[in-house]
Amino acid sequence: MSFVKRKMLLLLMVLLVVALPSVALAGTQDFTLVNTSPFNMVGFWVAPANSDNWEENLLEGVYLPPNSSVDISFENSNNVEWWNFRVKDSSGKVWRWEKNDYNLNQISEITYYYKSSGGAAISYK
């Protein structure tokens, strides 16, 4: 292989390594949703923190039983960093978490549970 071809191949490889992380940030949001509450989760919505629109129910047509989990994946074509969550469970209650503190680029798992005081909560890691 000629010197020029090797240089061009090396440049192309460097460009790919530099470009791939930014492509990953703009793409799919992936995390595991875990239900440890005593109720089925019948709705789960994710919305940008600065939006009033909850978009679509990511559990539409299915439910997440107690003590089970599901992998969630959706497109983040607008490079949104901060998110809010809403859950509806089979008790009929709807719970919202809107504190502008949920960065799905850093969260790999969201757990929905009931506190001993009776209210619903989420934790994440």
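Here is a walk through this predicted model, from its nonpolar core to its aromatic pairs, its main pocket and one buried tryptophan.

Let's start inside. The largest nonpolar core has 22 residues, and F31, L33, F44, F85, L104 and I110 are the ones that touch the most other members. Plenty of strands chip in: β1 (28-35), β2, β3, β4 (82-89), β5 (94-103), β6 (109-114) and β7 (120-124) each supply at least two residues of this core. As a general point, nonpolar side chains in soluble globular proteins tend to be buried together.

F31 is a good residue to click on. Leaving out residues up to four places away in sequence, F31 touches F44, V46, V70, D71, I72, F74, L104, I107, S108, E109 and I110. F31 also belongs to an aromatic cluster, together with F44, F85, Y102 and Y124.

What about aromatic pairs more broadly? The structure holds nine of them. Take F74 and W83: their ring centres sit 5.3 Å apart with the planes at 80 degrees, and since an angle over 60 degrees counts as edge-to-face, that is how this pair is classed. Are these two residues buried or exposed? The cut-off for buried is under 20% relative accessible area. F74 comes in at 15% relative accessibility, so F74 counts as buried, and W83, at 4%, does too.

F74 and W83 also lead us to the largest pocket, because both turn up in its lining. The other lining residues are V46, P48, E55, E56, L58, E75, N76, S77, N78 and V80. Which elements give two or more residues to that lining? They are β2 (41-48) and β3 (68-75). The pocket holds about 250 Å³ of space, and its lining is a mix of six nonpolar, three polar and three charged residues. V46 is worth a second look here, as a lining residue that is also among the contacts of F31.

Last stop: W54, which you'll find in the loop between β2 and β3. Despite that loop address, W54 has a relative accessibility of 10%, so W54 counts as buried. What does W54 touch, beyond residues up to four places away in sequence? The list runs W45, V46, A47, N84, F85, R86, R96 and E98. One of these, R86, is 32 residues from W54 in sequence, yet their C-alpha atoms are 8.1 Å apart in space. Two other contacts of W54 bring us back to earlier stops: V46, from the pocket lining, and F85, from the aromatic cluster.

Terms used: Residues are numbered from 1 along each chain as its sequence is written. This is a predicted model: local features need pLDDT of at least 70, side-chain atom pairs count only at pLDDT 80 or more; totals for chains, interfaces and linings use all residues. Side-chain values use heavy atoms; hydrogens and water are left out. On a 1 Å grid over the protein atoms alone, a cavity is a set of points where a 1.4 Å probe fits but cannot get out, and a pocket is an open set with protein on both sides within 12 Å along at least five of seven lines; lining residues have an atom within 4 Å of a point. Grid points are joined across faces, edges and corners, and a volume is the space filled by probe spheres set on the points. Helices (H or I, at least four residues) and strands (E, at least two) are DSSP runs, numbered from the N terminus. Ala, Val, Leu, Ile, Met, Phe, Trp, Tyr, Cys and Pro count as nonpolar, Asp, Glu, Lys and Arg as charged, and the others, Gly among them, as polar. Buried means under 20% relative accessible area, exposed over 50%, partly exposed in between (1.4 Å probe, protein chains only). Contact means heavy atoms within 4.5 Å. A nonpolar core is a set of buried Ala, Val, Leu, Ile, Met, Phe, Trp, Tyr and Cys residues joined through side-chain atoms within 4.5 Å. Rings of Phe, Tyr and Trp (its six-membered ring) pair if their centres lie within 6.5 Å; planes under 30 degrees apart count as stacked, over 60 as edge-to-face and the rest as tilted.
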